[in-house]
Amino acid sequence: MDGQTHARRLDAAQLGAELGDRATLVQFSSAFCQPCRATRRTLDEVARMVDGVAHVEIDAEAHLTLVRELDISRTPTVLVLDATGRIVRRAVGQPRRVDVVAALGHAM
């Protein structure tokens, strides 16, 4: 997960799901994206492992306004949000579990 950060905040209404108490992993996916399936498994596993972390998956094709606002150009794209919904990390492509855990360290 790269170190690119954003001052932008996302809330439950924009995501269609509640934020995690400590951090939220937001995954933008598309229907026929093979790496998206593996990313879903990785993020689900990390969210189960770390208390207070939620995983929210968003169908990029069904949320084009948000995709454009956030400049999402490929799937999977993963955003790591802190407890307030501020984007602290962003990565494109299938992340490794160790990188997701490290990125969470910046969010919590």
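**Close-up views of a predicted model**

**Figure 1. The disulfide of Cys33 and Cys36.** Cys33 and Cys36 are both buried. The structure shown here and in the following views is a predicted model. In this model the two residues, Cys33 and Cys36, are joined by a disulfide, with 2.2 Å between their sulfur atoms. A disulfide is a covalent bond that links the sulfur atoms of two cysteines. The link between Cys33 and Cys36 is right-handed, with an angle of 85° about the S-S bond. A search of the whole structure finds 1 disulfide.

**Figure 2. The open sheet and the order of its strands.** The sheet is open and consists of 4 strands, arranged in the order β2-β1-β3-β4, with mixed pairing. Strands β2 (53-59) and β4 are found at the edges; each has a single partner strand, and therefore one side of each lacks a neighbour in the sheet. On average, neighbouring strands of this sheet are turned by 15° against each other, direction ignored.

**Figure 3. Helices α2 and α4 against the sheet.** Helix α2, formed by residues 34-49, packs on the sheet and touches β1, β2 and β3. The direction of helix α2 makes about 170° with that of β1. Helix α4, formed by residues 97-107, also packs on the sheet, where it touches β1, β2, β3 and β4. The direction of helix α4 makes about 35° with that of β3.

**Figure 4. Strand β3 and its covered faces.** Strand β3 comprises residues 77-82, and 6 of its 6 residues are buried. Both faces of the strand are covered. On one side lie Thr77, Leu79 and Leu81, and on the other lie Val78, Val80 and Asp82; all of these residues are buried.

**Figure 5. Strand β3 and its pairing with β1 and β4.** Strand β1 (residues 23-29) runs antiparallel to β3, and 6 bridges join the two strands. Phe28 has Thr77 of β3 as its bridge partner. Strands β3 and β4 (residues 87-92) also run antiparallel, and they are joined by 5 bridges. Here Val78 has Ala91 of β4 as its bridge partner, while Leu79 stands opposite Arg90 in β4. Strands β3 and β4 form a hairpin, with 4 residues between them. Within the turn, Gly85 has a positive phi of about 90°.

**Figure 6. Thr39 and its surroundings.** Thr39 is located in helix α2. Its relative accessibility is 0%, and Thr39 therefore counts as buried. When its neighbours within four places in sequence are left aside, Thr39 is in contact with Gln27, Pro76, Val78, Gly93, Gln94 and Pro95. One of these contacts, Val78, belongs to the covered strand β3 described above.

**Figure 7. Thr42 and its surroundings.** Thr42 is likewise part of helix α2. Thr42 has a relative accessible area of 15%. A residue counts as buried under 20%, and Thr42 is therefore buried. Not counting residues up to four places away in sequence, Thr42 touches Pro95, Arg96, Arg97 and Val100. Pro95 is in contact with Thr39 and is also touched by Thr42.

Key
Residues are numbered from 1 along each chain as its sequence is written. This is a predicted model: local features need pLDDT of at least 70, side-chain atom pairs count only at pLDDT 80 or more; totals for chains, interfaces and linings use all residues. Side-chain values use heavy atoms; hydrogens and water are left out. A disulfide is a pair of cysteine sulfur atoms within 2.5 Å. Buried means under 20% relative accessible area, exposed over 50%, partly exposed in between (1.4 Å probe, protein chains only). Two strands pair if DSSP finds at least two bridges between them. Axes are lines fitted to C-alpha atoms, for helices over the stretch in contact, and angles run from 0 to 180 degrees between N-to-C directions. Contact means heavy atoms within 4.5 Å.
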